[in-house]
Amino acid sequence: MNALVLMEPGDASRQTLTLARRFGQSLHAVHMNVVDPFAPDAVAAVLQMAAEEVSAAAVFAAGTERGNDVMARLAARMGLPMAANCVDAAPGDPVMVTRQRWGGSLLEEARLSSPRPLITVAPHTVPIEAGPEPTDVDIQTLVARLAERDLAVHVSDHVAPSSGGVSLTTAKVIVSGGRGVGSKEGFAIIDELAGLLGAAVGCSRAVTSAGWRPHTDQVGQTGTKVAPEVYIACGISGATQHMAGLKGAKRILAINSDPQAPMMQNADYTVVGDLKEIVPAISAEIRDRR
Amino acid sequence: MRVLATIKRVPITGGRIVLTDDSRAIDTRHLGFTMSPHEECGVEEAVRLIESNKGDSVVLTLGPPEAVEQLRDAMALGIDRAIHLQTDGQEWDGEATAHAITEAIRADEAANGPFDVIFFGNESADSGGFQVGIRVAYALARPCVTGLKKITVEGKDVSCEQEVEGGRDVYVVALPAVLTVKEGLNLPRYPSVPGKMRARSKPVAVNSPTRQAARLELASLAVPAGQGRRAESLGGGAAAAPAVVEMLRKAGVL
């Protein structure tokens with residue numbers, strides 16, 4: 001039995017191989033950069049031709065933005081169901097999958113009934129394991145068979161990120177504010193502490209909805225998923241929407257006036273009290289020690 | 001110009017998700033409901049397009065009778081009318097959802113002409129299937145661009161910006177098109193009181209499509225085990241600052 005895997009650079013695709021190996025003794029690979037510039041319908045078309053050519057019993061991709069996008073296009077082309085962001089999958093009829101809902105705040109056991117299961121694997125949920133490596137499918141003849149309409153949707157330009165400052169995705173420390181900060185101006189003390197720590201500034205959805213900070217600062221299920229050494233949550237209640245973005249954080253410090261707030265229960269360290277006193281006091285303490 | 005925005009009614013889960021006794025659904029008895037965040041931005045964008053281009057804006061949902069609340073919310077923001085594909089509250093998988101929505105779009109377009117833009121959320125907040133918009137686009141043979149943070153209609157084309165690592169990729173596709181959007185596309189307005197009043201009398205067309213057998217079928221739900229964090233108190237108030245700085249120093253970030 002063969003399984004086909006859509007590969008991208010990075011760990012997410014290596015993790016995907018772990019589940020794919022359960023569905024095929026031999027693995028075959030098509031790479032995301034099979035057409036340049038990127039054209040999602042064309043990648044899906046090549047994947048479809050490759051699946052036929054190697055008689056793939058199942059097709060896998062990492063549950064990245066592009067992985068989910070291309071897999072859904074493959075599903076639409078082939079008229080097959082698709083299970084996105086799985087954390088586990090067992091072959092059979094039906095295939096049993098465990099998949100993420102609510103950005104990972106909830107897990108679903110589901111039956112996938114399909115002659116050719118199409119599965120994406122949620123990044124950073126499955127370990128990378130040693131095992132047979134995939135063989136690259138010879139794509140030259142397949143690319144030559146692409147239809148013009150498959151190239152209609154393609155990347156035609158790239159815009160570099162506008163903001164300077166520290167990026168949320170790569171920051172070692174993030175100082176983040178929630179509704180408890182109280183106002184747009186209230187973020188001055190958050191900005192000050194972040195500046196002293198060389199940290200990025202984050203915020204919760206309540207803050208961006210109120211227009212206090214831009215959406216690019218939002219951490220959570222519909223914002224940015226972060227993985228800092230330390231995440232300092234100031235006046236953030238800790239709704240599931242927010243916590244879904246924090247799974248990669250090594251240490252969480254919660255500063256909140258309500259000791260019962262979910263964020264205080266899900267933190268490694270807590271300070272109870274008024275963030276308007278505590279945050280400036282931390283900044284002052286850092287200055288004093290310099 | 002004609003624009004359609006599709007939305008999904010989802011619970012506001014708050015701090016902790018509680019399941020029903022049979023573990024097949026979220027216990028929503030004490031929860032409020034909203035539309036998925038990405039879709040709220042699709043609605044806002046649809047309203048803006050019609051404000052600047054004139055025409056017809058429509059909101060569509062597939063969901064239980066109560067989902068009319070979210071349709072009214074969308075109309076309070078400025079959408080002209082609604083299509084409600086009513087269900088009995090059962091879970092529909094991505095294929096069945098896309099099929100029913102495609103049929104409803106075809107029926108509306110047969111009567112009123114094609115939608116120039118159809119908005120979907122990139123993925124729903126609850127089931128996160130990442131596929132309904134793409135399936136509808138394929139069924140209608142229209143271009144589809146996903147995960148958009150900015151769109152600009154330029155004559156017969158639409159320029160789309162998709163957030164990727166290290167910036168944004170730009171796609172330009174011909175209208176009519178299907179666009180799946182993400183929160184951050186815009187900042188949705190708050191509904192005005194007159195807007196809410198007007199929404200009450202805007203038309204809602206109700207249909208009850210037949211549910212296709214699910215090929216991705218929910219068996220049970222589980223709340224994942226906690227991340228094993230055990231909160232250590234560093235104290236209270238400003239007096240905790242030295243302990244915080246000590247923790248930061250030990251963590252190697254100071």
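In this predicted model, the secondary structure of chain A amounts to nine helices and 14 strands. The C-alpha trace of chain A spans about 65 × 40 × 35 Å along its principal axes, and 57% of the 290 residues of chain A count as buried. Among the contacts in chain A with a separation of 6 or more, 64% are accounted for by residues 24 or more positions apart.

**Contact between the chains**

The contact between the two chains takes 73 residues from chain A and 68 residues from chain B. On the side of chain A that touches chain B, the largest share comes from helix α3(A), with eight residues. Sorted by class, this side of chain A holds 34 nonpolar, 22 polar and 17 charged residues.

One residue of helix α3 of chain A, which covers residues 65-78, is A:Asp69. Is A:Asp69 buried or exposed? A:Asp69 has 26 other C-beta atoms within 10 Å and is therefore buried, since 20 or more are required for that class. Leaving aside residues up to four places away in sequence, A:Asp69 touches A:Pro40 in its own chain and B:Thr146 in chain B. From A:Asp69 to A:Ala83, 14 residues apart in sequence, the distance is 12 Å, C-alpha to C-alpha.

A second aspartate of chain A, A:Asp157, lies in strand β9 of chain A, which runs over residues 155-159. Why does A:Asp157 count as exposed? A:Asp157 counts as exposed because it has 12 C-beta neighbours inside 10 Å, and 12 or fewer is the limit for that class. The C-alpha atom of A:Asp157 is separated by 32 Å from that of A:His242, and these two residues are 85 residues apart along the chain.

**Strand pairing**

Strand β9(A) also takes part in pairing across the chains, as it joins strand β9 of chain B (residues 167-174) in the antiparallel sense over four bridges. Within this pairing, A:Val155 stands opposite B:Tyr171 of β9(B). The pairings described here, two of them inside chain B, are set out in the table.

| Strand | Partner strand | Sense | Bridges |
|---|---|---|---|
| β9(A) | β9(B), residues 167-174 | antiparallel | four bridges |
| β4(B), residues 56-63 | β5(B), residues 81-86 | parallel | six bridges |
| β5(B) | β11(B), residues 204-207 | parallel | four bridges |

Between β4(B) and β5(B), the bridge partner of B:Thr61 is B:His84, which belongs to β5(B). The path of the chain from β4(B) to β5(B) leads through helix α2 of chain B (residues 68-76), and this β-α-β crossover is right-handed. Strand β5(B) is joined in turn to β11(B), where B:Val204 stands opposite B:Ala82.

**The largest nonpolar core**

Which residues touch the most other members of the largest nonpolar core? Of the 166 residues in this core, they are A:Leu47, A:Val175, A:Leu253 and B:Val59, so that both chains are represented among them. Helix α2 of chain A, covering residues 40-53, gives the most to this core, with eight residues.

For A:Leu253, the contacts can be listed by chain, not counting residues up to four places away in sequence. In chain A, A:Leu253 touches A:Val230, A:Ile232, A:Ala233, A:Ala267 and A:Tyr269, while in chain B, A:Leu253 touches B:Val244 and B:Met247.

Technical notes: Residues are numbered from 1 along each chain as its sequence is written. Chains are lettered from A and ligands numbered from 1 in the order in which they are written. This is a predicted model: local features need pLDDT of at least 70, side-chain atom pairs count only at pLDDT 80 or more; totals for chains, interfaces and linings use all residues. Helices (H or I, at least four residues) and strands (E, at least two) are DSSP runs, numbered from the N terminus. Two residues are in contact if their C-beta atoms, placed from the backbone, lie within 7 Å. A nonpolar core is a set of buried Ala, Val, Leu, Ile, Met, Phe, Trp, Tyr and Cys residues joined through C-beta atoms within 7 Å. Two strands pair if DSSP finds at least two bridges between them. A crossover is right-handed if, with the strands pointing away from the viewer, the path from the first strand over the helix to the second runs clockwise. Ala, Val, Leu, Ile, Met, Phe, Trp, Tyr, Cys and Pro count as nonpolar, Asp, Glu, Lys and Arg as charged, and the others, Gly among them, as polar.
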